[in-house]
Each structure stands twice: as structure tokens, then as C-alpha cells.
Amino acid sequence: LHVRSRRQRQMCIRDSPLFIHRHLERKVEKRIRKIVEEIIAENQSIFLVDVVVKGNSGNQKVIVLLDGDQGISIDECSRISRATGNLIEEEELIDGKYILEVSSPGLDHPLKLHRQYVNNKGRTLSIETTEGEKIEGKLTEVTDDNIVVNVKKEDRTMSFTEISQSKVVVSFK
């Protein structure tokens, strides 16, 4: 039986290929986030939702999710994709092949930003709280710290800190 100190365990974890790979992914994600924010800075109605880098070196996928106060067009996504791709290449951020996907989050992606809640006011949300409770109701109000959801004709105020995840419910009515 070999017992390692806490420091030894941390060193082993930090030296592991998985830890190093994830650290590099985060570094690339952070730089791509800055690149995209610089590209979209001129248009105040478009905002960055998320940047995700997946896969191994030489076979990576970069996902950039954008939204806008009035939505975002395919043409705008294409323009941002070209500019982002050019800078990724110029800075040699990614080794080998990669796929760059720039799109709007779509309804299957959870809401992450306050601005997304504002854009979806009046729509039905499926919310999971940090306590594990599942709630479905119409988003009626958004403040800096809270949302108000109408659940079965009763308003329920929820702090953003109480929300684990929320998604827009697709309605075919």
C-alpha cells in the first residue's frame, strides 16, 4: 500500500495527460472568446453565449454560440465564422484539423445569460432548481437578480442563483 500526500496527489493530477489537455482547451476557449468578443464589439445587439472546444489535438471541434436582441442571421454567423477562423489560423491556436461551428444556441441549449432571459420573456420555460425541483411556467418578468415565472396561474419569483438550468419549451399551439 502506497500512501501519497495531498501535494503528491495534486502533482500527479496536474501532470496527467487529461489534466494538461483540459487546461490547454480552457486556454484556447478563453482566447477564442476574446477573439469573438472583439469581432462582435461593433454590433451591440449581438452577444456571445458560449465557446466550447471538444476533442483531441488534430481532431477538434470549436463551437461558438451567439445570440442577438433580435436574433442572429445566418449571414452574420458566416461573417463571424470567417473572421474567427482567420484569426485562429493566424495565431495558430489549434494544432491540426478542426471544425469551427458558429451558430445561435437553439432551443435545446439552456439559457446562460441574463440577456437571453430578457429575449425570451413571454415564453414558457422548463426550469430545474439547484434543489432539483422541476418547474414549468411562462416567463413574465426579468430583473437584475430574479425572474418571475407564472406557474399554474401563480407568479413565482426565483433568484438566478436558485436556477440550475432552464430551457425554452417548444410549443406547437
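1. **The β5–β6 hairpin.** Start with the turn after β5. In this predicted model, 3 residues link β5 to β6 in a hairpin. The strands run antiparallel, and 4 bridges join them. Strand β6 covers residues 146-151. One position to look at is E141, which stands opposite V148 in β6.

2. **The β4–β5 hairpin.** Strand β5 also pairs with β4. Here 5 bridges join the strands, again in an antiparallel arrangement. Strand β4 spans residues 124-129, and β5 spans residues 134-142. T124 has K138 in β5 as its bridge partner. This hairpin has 4 residues between its strands. Check G132 there: its phi is positive, near 95°.

3. **A reminder for reading these strands.** Side chains in a regular strand alternate between the two faces of the sheet.

4. **The overall layout.** Now step back to the whole chain. The protein chain contains 4 helices and 8 strands. Counted from the N terminus, their order is α-α-β-β-α-β-α-β-β-β-β-β. The hairpins above belong to this chain's β4, β5 and β6.

5. **Burial and contacts.** The protein chain has 173 residues, and 31% of them count as buried. Its accessible surface is about 11,600 Å². Carbon and sulfur atoms supply 48% of that surface. Consider the contacts with a separation of 6 or more: 52% of them are between residues 24 or more positions apart.

6. **The aromatic pair.** How many aromatic pairs does the structure hold? It holds 1. Y117 and F160 form this pair, and the geometry is edge-to-face. The ring centres are 5.1 Å apart, with 70° between the planes. Y117 sits in helix α4, while F160 sits in the loop between β7 (154-159) and β8 (163-168), so the pair ties together parts 43 residues apart in sequence.

7. **Burial of the two partners.** Is Y117 buried or exposed? Y117 is buried, because its relative accessibility is 4% and the cut-off for buried is under 20%. F160 has 23% relative accessibility, so F160 counts as partly exposed.

8. **A nonpolar surface patch.** Look next at the surface. L107, V170 and F172 form a nonpolar patch there. Together they have about 340 Å² of accessible area. L107 lies in the loop between β3 (96-103) and α4 (114-119). Its relative accessible area is 38%, so L107 is partly exposed. That value also meets the patch criterion for accessibility, because patches take residues with over 30% relative accessible area.

Methods
Residues are numbered from 1 along each chain as its sequence is written. This is a predicted model: local features need pLDDT of at least 70, side-chain atom pairs count only at pLDDT 80 or more; totals for chains, interfaces and linings use all residues. Side-chain values use heavy atoms; hydrogens and water are left out. Patches are made of residues with over 30% relative accessible area and no salt bridge: like charges are joined within 9 Å, nonpolar side chains (Val, Leu, Ile, Met, Phe, Trp, Tyr) within 5 Å. Accessible areas come from the Shrake-Rupley method with a 1.4 Å probe; for residues, only the protein chains shown count as cover. A salt bridge is a side-chain nitrogen of Lys or Arg within 4 Å of a carboxyl oxygen of Asp or Glu. Helices (H or I, at least four residues) and strands (E, at least two) are DSSP runs, numbered from the N terminus. Buried means under 20% relative accessible area, exposed over 50%, partly exposed in between (1.4 Å probe, protein chains only). Rings of Phe, Tyr and Trp (its six-membered ring) pair if their centres lie within 6.5 Å; planes under 30 degrees apart count as stacked, over 60 as edge-to-face and the rest as tilted. Contact means heavy atoms within 4.5 Å. Two strands pair if DSSP finds at least two bridges between them.
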